[in-house]
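Here are my notes for a colleague who has not yet looked at this entry. Please read them with the model open.

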Amino acid sequence: MGKERSDKNFEVKVEEKNSVKVLKLKGYLDAYTSLQFEEKMRELVQSGSYKIVVNMKNLTYISSAGFGVFMAFIDDVRKNAGDIRFCCLSEKIDEIFELLGFKHIFKVFKNEDNAIKSFEELEKKNVRKRKK
């Protein structure tokens, strides 16, 4: 008999802090649950949310399909003066980020507050660019 799967293996909670959407991931982000997560990301981006922090404190596993969701949206987010930033990675997930070169593509922070504050710097840069 195959293993039973259900969406309770993965949760996404969305909060807003200082105009930044914070996604709190919990459980397993794999080929099955990445579809649910992709839909949540699509909703956010289509609603004009381009400043996104992904808190991975309670994420226990991420597959290539999970990483693919971030790659699918990063261009649209950055074209709209936003970014996807990560925080609170477990040691195991941090190692995967390093191996896949994700730390060259995305900014990773130790805690959620620093990740949120980093968007203030991005906003300052965008204001300077508009003034030129």
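1. Contact, as used in these notes, means heavy atoms within 4.5 Å. By that rule, and leaving out residues up to four places away in sequence, E112 touches K17, V22, K24, N55, C87 and C88. The model is predicted.

2. Overall make-up. The protein has 5 helices and 5 strands, arranged along the sequence as β-β-α-β-α-β-α-α-β-α. Of its 132 residues, 41% count as buried. The exposed surface comes to about 8,200 Å², with 48% of it supplied by carbon and sulfur atoms. Among contacts between residues at least 6 apart in sequence, 69% join residues at least 24 apart.

3. The largest nonpolar core. This core holds 27 residues, and L25, F37, M56, F70, I84 and F86 have the most contacts inside it. Two or more residues each come from strand 1 (10-17), strand 2 (20-29), helix 1 (33-46), strand 3 (51-62), helix 2 (64-79), strand 4 (83-87) and helix 3 (91-100). Helix 2 gives the largest share, 6 residues. As a general point, nonpolar side chains in soluble globular proteins tend to be buried together.

4. F86 and its surroundings. Which residues does F86 touch, not counting those up to four places away in sequence? They are V54, M56, F70, F97, F106, K107, V108 and F109. Two of these, M56 and F70, are also listed with F86 among the residues with the most contacts inside the core.

5. The other core. Apart from the largest core lies another, of 9 residues, including V22, C87, C88 and I116. Of these, V22, C87 and C88 are also touched by E112.

6. The cysteines. Why is there no bond between C87 and C88? The sulfur of C87 is 3.6 Å from the closest cysteine sulfur, which belongs to C88, and a disulfide needs sulfur atoms within 2.5 Å, so the pair is too far apart for a bond. The count of disulfides for the model is 0. C87 counts as buried because its relative accessibility is 0%, and C88 is buried too, with a relative accessible area of 17%.

7. E112. This residue is found in helix 5 (residues 112-131). Is E112 buried or exposed? E112 counts as buried, because its relative accessibility is 9% and the cut-off for buried is under 20%. Its side chain makes a polar contact with the side chain of N55, at 2.7 Å.

8. Strands 1 and 2. These strands pair in the antiparallel sense over 8 bridges. V12 stands opposite L25 of strand 2, and L25 is one of the residues with the most contacts inside the largest core. The hairpin of strand 1 and strand 2 has 2 residues between the strands, and N18 takes a positive phi near 50 degrees there.

9. K26. Strand 2 also contains K26. K26 is partly exposed, with a relative accessible area of 45%. Not counting residues up to four places away in sequence, K26 touches N9, F10, E11, N58 and L59. Its C-alpha atom is separated by 7.1 Å from that of T60, and the two residues are 34 residues apart along the chain. On strands in general, side chains in a regular strand alternate between the two faces of the sheet.

Notes. Residues numbered from 1 in each chain as written. Predicted model: local features only at pLDDT ≥ 70, side-chain atom pairs only at ≥ 80, totals over all residues. Heavy atoms only, no water. Core = buried A, V, L, I, M, F, W, Y, C linked by side-chain atoms within 4.5 Å. Buried < 20%, exposed > 50% of the residue type's maximum accessible area, 1.4 Å probe, protein only. Helix = DSSP H or I, 4+ residues; strand = E, 2+ residues; numbered from the N terminus. Polar contact = N/O pair within 3.5 Å; in protein donor to acceptor, adjacent residues only side chain to side chain. Pairing = 2+ DSSP bridges. Areas by Shrake-Rupley, 256 points an atom, 1.4 Å probe, with all protein chains shown as cover.
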